[in-house]
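User: I should like to learn how the features of a structural model are read. Could we proceed from the whole chain to individual residues?

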Amino acid sequence: MVTGGLGFIGSYFVRMALERGYEVVNVDKVTYAARQDLGFERFPNYHFIKADICELTHLPVGVEAIVNFAAESHVDNAILANQDFFHSNVQGVYNLLELVRAKDETDRPLFVQISTDEVYGTILRGSFKETDRLCPSNPYSATKAAADQLVLGWKNTYGLPVQIIRSCNNYGFGQYPEKLLAKTIEFLLRGKKMTIHGDGSYRREWLYAGDNCEAIFLIMERGQVGEIYNVSSGEEHSVLEAASMAAQAVGVDPKDAFVFIPNRPGQDLRYSVNSDKVRALGWRPTRTLADYLKEYVALYRKQLGLDSGDQE
Ligand SMILES: NC(=O)c1ccc[n+]([C@@H]2O[C@H](COP(=O)([O-])OP(=O)(O)OC[C@H]3O[C@@H](n4cnc5c(N)ncnc54)[C@H](O)[C@@H]3O)[C@@H](O)[C@H]2O)c1
């Protein structure tokens, strides 16, 4: 069972699971962030349940693992109105954990919580390890950290089989154009300028969503139950650098691409996580942002109907 499988990363994971022959039940509430163009119905091993994870009353029969991608995921929205974040990101996880707990001990599915590097907060030098303390800075990361703590509490008290996976910023096709790279490409392709919070100097690690999903499969298949795994590329760019790379891929001079707006309250200066543990299982990222951007822009042009046929 995958939750949030119509969203950006969840849809990469569902496609890969279907292609690998897994029977997939996708539970998604279909918020504004859900994709409508995925075509999963053509797979005979695909099943869809339109539902809010807070309102599920039982797990589908025979479920062996639950991968919980379902969440409200955009920090700006969380700053403006945080109720939906508490609902989906905390109460939703609570409900799923309780549904797992309700099963017979011998029949409990593995519960995989998809978390984020943001739960650790800022680190100016070095990288956080899985054992480091959580120090979230904004309502989104606070709800994700709360969910991680619930998962650990339910593991320690009730013995639930769980894993927590904390990845850095993902990029790839199909991200809702509220997130930095998707929004930059879409705005610039439409001839608009992109907005950058503050001076854009805060640093993030950038990871291809397909690489993240490979790591999730590997952790589920070969990782330890009960453990936390960070997943990061080691490819670090400031927000302005990453957006400038996207501008160049669109063919716009970064000098003409951006409007600077007041910084977000609670802006973390730098995220960085140590991913030695997942790398010890054999995982490595296969793509870099610079390599991917050309392909990304071409896919985006096609989606927006701007493909003039003369693209490489
Ligand atoms: N995008 C990133 O860079 C990133 C990085 C690290 C971790 N994450 C985590 O990965 C997960 C997926 O992120 P994303 O960027 O793909 O998100 P997204 O916003 O693109 O998709 C979220 C999906 O979850 C569904 N959903 C939301 N609330 C739901 C609910 N209550 N019940 C059922 N479905 C619900 C939405 O309809 C949507 O399809 C999230 O948990 C997020 O915290 C994301």
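User: Among contacts in the protein chain between residues at least 6 apart in sequence, what percentage join residues at least 24 apart?

Analyst: Please note that this is a predicted model. Of the contacts between residues at least 6 apart in sequence, 78% join residues at least 24 apart.

User: How many helices and strands does the protein chain have?

Analyst: The protein chain has nine helices and 12 strands. Its radius of gyration is 19 Å, close to the 20 Å that the globule rule gives for 312 residues, so the chain is as compact as a globular protein of that length. Along the principal axes, the C-alpha atoms fill a box of roughly 60 × 45 × 40 Å.

User: What percentage of the residues count as buried, and how much accessible surface does the protein chain have?

Analyst: Of the 312 residues, 54% count as buried. The accessible surface comes to about 14000 Å², and 50% of that belongs to carbon and sulfur atoms.

User: Turning to single residues, is asparagine 45 buried or exposed?

Analyst: The reading rests on a cut-off: a residue is buried when its relative accessible area is under 20%. Asparagine 45 has a value of 10%, and is therefore buried. Asparagine 45 lies in the loop between β2 (24-28) and β3 (46-50).

User: Which residues are in contact with asparagine 45, leaving aside its neighbours within four places in sequence?

Analyst: They are Leu18, Gly21, Tyr22, Glu23 and Val24. With tyrosine 22 there is a specific pairing: the backbone oxygen of tyrosine 22 lies 2.8 Å from a polar atom of the side chain of asparagine 45.

User: Where does glutamate 186 lie, and is it buried or exposed?

Analyst: Glutamate 186 lies in helix α5, residues 180-189. Its relative accessible area is 14%, so glutamate 186 is buried. Leaving aside neighbours within four places in sequence, glutamate 186 is in contact with Pro177, Tyr300 and Leu304. The C-alpha atoms of glutamate 186 and valine 297 are separated by 8.8 Å, although these residues are 111 residues apart along the chain.

User: How is the sign of phi to be read, and what is phi of valine 30?

Analyst: Most residues other than glycine have a negative phi. Phi of valine 30 is near 65°, a positive value in a residue other than glycine. Valine 30 is placed in the loop between β2 and β3, and is partly exposed, with a relative accessible area of 26%.

Methods:
Residues are numbered from 1 along each chain as its sequence is written. This is a predicted model: local features need pLDDT of at least 70, side-chain atom pairs count only at pLDDT 80 or more; totals for chains, interfaces and linings use all residues. Side-chain values use heavy atoms; hydrogens and water are left out. Helices (H or I, at least four residues) and strands (E, at least two) are DSSP runs, numbered from the N terminus. The radius of gyration is taken over C-alpha atoms; the globule rule is 2.2 Å times the number of residues to the power 0.38. Buried means under 20% relative accessible area, exposed over 50%, partly exposed in between (1.4 Å probe, protein chains only). Contact means heavy atoms within 4.5 Å. Accessible areas come from the Shrake-Rupley method with a 1.4 Å probe; for residues, only the protein chains shown count as cover. A polar contact is a pair of N or O atoms within 3.5 Å; within protein, one must be able to donate a hydrogen and the other to accept it, and residues adjacent in sequence count only if both atoms are side-chain atoms.
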